[in-house]
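Visitor: I am new to this structure and would like a close look at one part of it. Please start with one helix and work outwards.

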Amino acid sequence: MPKSAVSLFALLLFAVSLIAACTPQTRPDAMTVVQERQVLRVGTLINPTSYYFDHDREQGFEYDLAKRFSDRLGVELEMVPRFDVNDLFTMLRRGEVDIVAAGLDRTSTRARLFRFSPPYDIISQKIVFKQGSRQRPRDLQQITDGEIVVVEGSSHHEFLQSLGESIPTLKWRATRDHDAVELLQMVINEEIDYTITDSTALDIQRRFHPDLSVAFTVKHDQDIAWALPQGTDDSLFSAVVEYFGEIRASGRLAHIKEQHFGHVKQFNYVTTSLFIEAVERVLPGYIETFKEHSGSLDWRLLAAISYQESLWNPRAVSPTGVRGMMMLTLPTAKAMGVKSRLNAEQSIRGGARYLERMLNRVPARIPQPDRTWFALAAYNIGFGHLEDARIITEHQGGNPDRWVDVKKRLPLLRQKQFYRHTRYGFARGDEPVTYVGNIRRFYDTLKYLDEQGRL
């Protein structure tokens, strides 16, 4: 090759390298980044509804949703917990997390800054005070005897800011020193007068603090959704949209919500107050007995069943002939080796062994906690009637292995058009639904009090 040609070729190569160096490199989309990293980073809040640890295991409604999504993507899940929602939004803007999943309501201000997934829950926001501490106000204009305290940066803070000077008499402030659950506790302790809370958080806290009273609702039907960064990159956002569409259509979303919140919506002030009073006054005399005879069961679950059955009265007798702490029938008592149903220790031991028998009869493919809810229903109504309801569920297109589906069909056992086609016939199928719901609430309260060192 002539020397001039070599020089020209070298010049062309240099020019090409300069052009390549100056050409902007294509930035990988969000989904590609997650797949290459093999980790989905999800920002969340540490609280009883979103994310928490139970015996060193990650738990929570948002955790379950995020874990299922990361499994769908085939990547590991890294939950990034914070105590302040502002910190979560800052991390999302900086790209330090891929998604924020923290029970966020989609407000107009937030929607201008972030993209939100399809809603997976709907809540309301309520003004809360301690029952008996003051006269109940009916609207914001009537709050003249105290101050509203909310979490800084929350949607409740945003709502109060939006009022401007429209209600000059209204006193309120926002704090970074406490989270929403702590503010509810401060209401109970009369350290603050009012707070604003989401309906789901209130439902959970009322199991332990029945004196939390609703003054009125300030916002209805608020969508709860995940937040993602704004922009034109649709890769991860589209996967989130598809995911929520799939779990909604399959019934999986309803199943997850039932596992976490299906039992907390029904609140009765008198029932809850009497239970907490009995925990303090009656339960101490039987705790060791429940622990001794719990076997493979959680003693707190056994105690919750006993309270539902007899209010911890060892001499309780029903019109149908069941009696004792665990309200055993005579045939069940004999089968469990119980000689005296009115003997508290024998009754507790017999009830524990009978529940274990019911658990063993539930098909092994059914996971917890549904397995326990089915066993409780069988303890109440009998295994045969439970199986009838599961068959009806399957015939109607539901999942007979999910409590959320079966509990909808149990009440049908009262109706002739359904029970005449079953093996075991008529049953008061609405009763086990109430029964299981009550026990779940009592059980949650006992776990909370135990973890607080109050048992």
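Visitor: How many residues does α15 have, and how far does α15 reach from its first C-alpha to its last?

Guide: α15 has 18 residues and reaches 26 Å from its first C-alpha to its last. That is close to the 26 Å expected at 1.5 Å a residue. The expected span is 1.5 Å times one less than the number of residues in the helix. Helices (H or I, at least four residues) and strands (E, at least two) are DSSP runs, numbered from the N terminus.

A word on the model. It is predicted, so local features need pLDDT of at least 70 and side-chain atom pairs count only at pLDDT 80 or more, while totals for chains, interfaces and linings use all residues. Residues are numbered from 1 along each chain as its sequence is written, and side-chain values use heavy atoms, leaving out hydrogens and water.

Back to α15. Its buried residues include Ile348, Tyr354, Leu355 and Met358. Gly350 and Gly351 are buried too. Buried means under 20% relative accessible area, exposed over 50%, and partly exposed in between (1.4 Å probe, protein chains only). Among the elements covering these residues are α12 (287–293), α13, α14 (330–335), α16 and α17.

Follow the cover to α16. This helix spans residues 370–381. It has twelve residues and reaches 16 Å, close to the 16 Å expected. Eleven of the twelve are buried. Trp373, Phe374 and Tyr379 are among them. The cover of α16 includes α15 in turn, along with α10 (252–261), α13 (299–310) and α20 (430–451). Just after α16 comes Gly382, with a positive phi near 100°.

One residue of α15 leads further. Ile348 is in contact with Phe290, where contact means heavy atoms within 4.5 Å. Phe290 also contacts Leu283, Trp299, Leu302, Ala303, Ser306, Trp312 and Met325, with neighbours within four places in sequence left aside. Phe290 belongs to the largest nonpolar core, which has 92 residues. Phe290 is one of those with the most contacts inside it, as are Leu65, Phe69, Trp226 and Trp312. A nonpolar core is a set of buried Ala, Val, Leu, Ile, Met, Phe, Trp, Tyr and Cys residues joined through side-chain atoms within 4.5 Å. In soluble globular proteins, nonpolar side chains tend to be buried together.

Apart from the largest core lies another, of 16 residues. Phe129 and Phe159 are two of its members. Phe129 stands opposite Ser213 in β11. β7 and β11 pair in the antiparallel sense over nine bridges. Two strands pair if DSSP finds at least two bridges between them.

Next, the loop between β7 (121–130) and β8, where Ile143 sits. Ile143 is buried, with a relative accessible area of 0%. It touches Ile127, Pro137, Ile148, Thr169, Leu170, Tyr194 and Phe216, not counting residues up to four places away in sequence. Thr169 is 26 residues away along the chain, yet the C-alpha atoms of Ile143 and Thr169 are separated by 7.9 Å.

Beyond the loop, β8 (residues 147–151) runs parallel to β9 (residues 171–175), joined by five bridges. Glu147 has Lys171 as its bridge partner in β9. With α6 (residues 155–162), these strands make a right-handed β-α-β unit. Right-handed means that, with the strands pointing away from the viewer, the path from the first strand over the helix to the second runs clockwise.
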